[in-house]
Amino acid sequence: MKKDLEKVRNIGISAHIDSGKTTLTERVLYYTQKIHAIHEVRGKDGVGATMDSMELEKERGITIQSAATYCTWKDYDINIIDTPGHVDFTIEVERALRVLDGAVLILCSVGGVQSQSITVNRQMSRYKVPRVVFINKCDRTGANPKRVTAQVREKLGLNAVPMQLPIGLESELKGVVDLVTMKAVYFEGDNGEKIREEAIPAEMQAEADAARETLLDAVSMFSDELMEAVLEGSPSEEMIREAVRKGTLSMEFVPVLIGSAYKNKGVQSLLDAVNAYLPAPSEIKNTAFDLDKGEEEVILESNPNKPLVCLAFKLEDGRYGQLTYIRTYQGTMKKGDTIVNTRTGKKAKVGRLVRMHSNEMEDIESAGPGDIVALFGIDCASGDTFTSPDVNMSMSSMHVPAPVISLSISPVDNKAQGNMSKALNRFTKEDPTFRTFVDHETSETIISGMGELHLEVYIERMKREYGAEVSVGAPQVAYRETITQRADFNYTHKKQTGGSGQFARVAGFIEPLEEGNYEFVDSIVGGVIPREFIPSCDKGFAASLEKGALAGFPVTGIRCTINDGAAHSVDSSDIAFQLAARGGFKDGYLRANPVLLEPIMKVAVEGPSEFQGSVMGSINQRRGMIIGTFEEGEYTVVEAEVPLAEMFGYSTVLRSLTQGKAEFTMEFAAYRQVPRNVAEGVIAAARKAAQEKK
Amino acid sequence: MLKNDLIAKNPMGAFSRDAEGNEVARMGLVIARPGLGKTAILVQIALDSILRGKQVVHVSVGQNIEKTKAWYDDILGDISAQAKHDEMEELKLSVRRNRMIMTFNASTFSRPKLEERLNDMIYQDIFRPCCMVIDGLDLARVERRMLEDMRDLQREANMSIWCSGVIEREAQAAVIASQTLPAPCDALGDLFDTVIMLHPESGDESKIFLNVLKDATNRMAPGKSLRLDPTTMVVWGATA
Ligand SMILES: Nc1nc2c(ncn2[C@@H]2O[C@H](COP(=O)(O)OP(=O)(O)O)[C@@H](O)[C@H]2O)c(=O)[nH]1
Ligand SMILES: [Mg+2]
């Protein structure tokens, strides 16, 4: 099958809760002939919409995982990637935004631009995702697409211009006037599947002419050809579409479409707009890091004959075993090919290759640039890159942010125990920012991640999807320790118990490391420590990093150098040198002026300007540092850096400070030294807790 | 020490303190044709205060927070390229601590907007600036009332406020010759204690001069000219 790459669209649909994302997706899948009955969201038939597979998602009204669904519209292949709307899962949002090439931003014609749309829009701008706006629910009382368009311009700062006018509004909504074709379009039949085009109703002609002029004014700057044609009074539909497309792709223009998903109006026109205005995969610049060239950035080409580079962006436990969703950026992947996981270096054979329709799987032979497919039986984690064996490239930087918060969980019974480990195993594969380990001293299972909500969601998923009920400890900030000056050490480990003894002497120094967690330097000359014991020293130091002597937190940013030592021909051993290194580390550590580090979050609080003062006050009270304030449409955003330790319960505080009108987002920024007076308290508490555990 | 060294090199230090080192508050204006370094001079003014442990509000009309932060980072990086990692980190931290950026969209910037955003902060005592710089004002369109308000605030809070304004390329020569403000700024001249202009040497764009057109506080004689380093805007010859 030869496919036209220009006719592929990988899109996301994004919306504030309840704007109709699920309903619209359902309609899209219906019109593209893949589902045979329309299920209303939370409808009476209890079947529920196709895309929202996760119970939890429905209950919380947020989409946590991204699924991809394939459909076709007028011989274009469209992959709909479900985009997570919540900001706590930065990695997932990032991943989803990489996979899609364009997006539909849904807004409610009554609610207009709401907080979540602002956040999502900002992320899309950051990742340069071209978008079209769909103003949904035009059948609702109070519908006002004109006002919403104005809000998109004001609050989102987008150059949004209507491509259509509503014919009737609220319960009178009948159809739309298409400002490109200058025709009235009606959607008829039980499910709006019959499209009837007619002349514009006479009473709307003047309004339509004016709106068309606005549209032409706005887009003719993207095309000289159109500009001339407009002056001559004869722009063709093709010219207009071409100009709209250019403006959309360069993100200088956003077409606005309208309709009602629920009443089956305007959905097909939206699909036409997706085909006409959103980019094909080849029109988007994608890059990867070439690991053979020191992570140099390389541009990937949508060329089926170049080496394969693709990204595993989602894992799913399906009825049929583990599925891995993959997007191909460059090259071709065929059944039977050998591919390599860049992160692990492991090779795998491409077995079954399928395309996921909303309710069925289609077996395919190969996937080329821009394709989104699923593989069976591939062992990997979300975010892994696969390539053909001849290149060594990674789609994402190998850098994963360290978790900033942790809590202990324990299963309530035996059944939960087994399920919990199954769940944890899965989650850590899916999400590199979610980690888990067992605290050796307390035998507790600890989970850690990027925020309170991040962990909460996984705990709920454990319960719902895996039947693992757990009790949960209080969230703990992931403090760290580091040193601030150099200190020498010289330590002899000696033990004589009966038969063979243990002997090792290690000397050197520890010092702060500007970048990275840990470095080991071997400056031994003359073999005073035999070669085979050098790695033992390294191991000993590395083990010491687990718990710092200041307050028992992990130690980072340290370089350990050994430059002297001694060994004994009989009594020296691997373990003796490990212990000597640990002793040396401990010896030097407290003299190297250790300090406590804490995670600092970048916090953005967004709300009406009148609350700016109280918001800034609340940040000041939390040891926060205000970076600045800026405007986002009618709202003022306060940007600040605040220690995570001070952010617990902030949503409640903010709500009461601002009558619920402000919202905040936060993401990890950096680790910074805890001020001395605060550190004293933290250290005392940590020591006390350690005492109690014993 | 790095900090003291930077304070000494700062061309704007002469305006902020008198001979005894006491703070001198003023309403100031920096004019220049586009692209000559008005923002850099405002950043230098801000740094002069920040490095002495005082707080500064940086108002930017038309540039976002990221861009504004980048100005500081670039200039700091340039003027202290030889500094040690630790010292540099400490310097950056003190800049972050003592600087607050406030950005506005150019198209919707207005007097009530500025007032609303400033009031909360200053009158609720959340931030106590001793200096405010306002970058990106359109002097041809700015309301006189806004500047009058700024001047009232400046007197009341005994802080310094420095604005920047663009003049047309063609007006430059006439200003140098006459040492008076060009239109449309001339109508606003009375609101400022100090007006300085940046200009290159004619025929040599790499030589930038700071020219004092007016100084009612008598710290600098009108007509005085100071050569600056074109990338960092520190006093020429001060950087190694
Ligand atoms: N009146 C009206 N209601 C709609 C429309 N689209 C969706 N809804 C309703 O709005 C609610 C939320 O829709 P849903 O698709 O779940 O929104 P989501 O949270 O964005 O996925 C449901 O009750 C839908 O039936 C529409 O075009 N008009
Ligand atoms: Mg939904």
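**Exercise 1. A lysine in a loop**

Find the element of chain A in which A:Lys137 is found, and describe the phi angle of A:Lys137.

Solution. Step 1: A:Lys137 is found in the loop of chain A between β5 (131-136) and α5 (145-155), where helices (H or I, at least four residues) and strands (E, at least two) are DSSP runs numbered from the N terminus. Step 2: the phi angle of A:Lys137 is near 65°, which is a positive value in a residue other than glycine.

Before going on, note that this is a predicted model, in which local features need pLDDT of at least 70 and side-chain atom pairs count only at pLDDT 80 or more, while totals for chains, interfaces and linings use all residues. Residues are numbered from 1 along each chain as its sequence is written, chains are lettered from A and ligands numbered from 1 in the order in which they are written, and side-chain values use heavy atoms, with hydrogens and water left out.

**Exercise 2. A glutamine in chain B**

Locate B:Gln179 in chain B, give its phi angle, and decide whether it is buried, partly exposed or exposed.

Solution. Step 1: B:Gln179 lies in the loop of chain B between α8 (172-178) and β6 (194-201). Step 2: its phi is near 55°, again a positive value in a residue other than glycine. Step 3: buried means under 20% relative accessible area, exposed means over 50%, and partly exposed lies in between (1.4 Å probe, protein chains only). Because B:Gln179 has 24% relative accessibility, it counts as partly exposed.

**Exercise 3. The surroundings of A:Lys155**

Which residues are in contact with A:Lys155, leaving aside its neighbours within four places in sequence?

Solution. Step 1: A:Lys155 is found in helix α5 of chain A. Step 2: A:Lys155 has a relative accessible area of 9%, so it is buried. Step 3: counting heavy atoms within 4.5 Å as contact, the partners of A:Lys155 are A:Val113, A:Glu632, A:Gly633, A:Glu634 and A:Tyr635.

**Exercise 4. Three salt bridges**

Describe the salt bridges A:Asp384 with A:Arg343, A:Glu692 with A:Lys688, and B:Asp215 with B:Arg26.

Solution. Step 1: a salt bridge is a side-chain nitrogen of Lys or Arg within 4 Å of a carboxyl oxygen of Asp or Glu, and the structure holds 43 of them over all chains.

Step 2: the side chains of A:Asp384 and A:Arg343 meet in a salt bridge with an N to O distance of 2.7 Å. This pair links distant parts of the chain, 41 residues apart, with A:Asp384 in the loop between β22 (372-376) and β23 (385-387) and A:Arg343 in the loop between β17 (338-341) and β18 (347-349) of chain A. With a relative accessible area of 4%, A:Asp384 is buried, whereas A:Arg343, at 49% relative accessibility, counts as partly exposed.

Step 3: A:Glu692 and A:Lys688 meet in a salt bridge of 3.9 Å, N to O. Both lie in helix α16 (residues 676-693) of chain A, four residues apart, which is about one turn of the helix, and both are exposed.

Step 4: in the salt bridge between B:Asp215 and B:Arg26, the closest N and O atoms are 2.9 Å apart. B:Asp215 lies in strand β7 (residues 204-215) of chain B and B:Arg26 in the loop between α2 (13-16) and β1 (27-32) of chain B, so the pair ties together parts that are 189 residues apart in sequence. B:Asp215 counts as buried at 5% relative accessibility, and B:Arg26 counts as buried at 1%.

**Exercise 5. Patches on the surface**

Name the residues of the negative patch on the surface and those of the nonpolar patch.

Solution. Step 1: patches are made of residues with over 30% relative accessible area and no salt bridge, where like charges are joined within 9 Å and nonpolar side chains (Val, Leu, Ile, Met, Phe, Trp, Tyr) within 5 Å. Lys and Arg count as positive and Asp and Glu as negative, with His and the chain ends not counted, and the place of a charge is taken as NZ of Lys, CZ of Arg, CG of Asp or CD of Glu.

Step 2: the negative patch gathers A:Asp224, A:Glu225, A:Glu228, A:Glu232 and A:Glu242. Helix α7 (residues 224-232) of chain A gives the largest share of this patch, four residues.

Step 3: the nonpolar patch is formed by A:Met221, A:Met227 and A:Leu231, with about 360 Å² of accessible area together (Shrake-Rupley method, 1.4 Å probe; for residues, only the protein chains shown count as cover). A:Met227 lies in helix α7 of chain A and, at 38% relative accessibility, counts as partly exposed.
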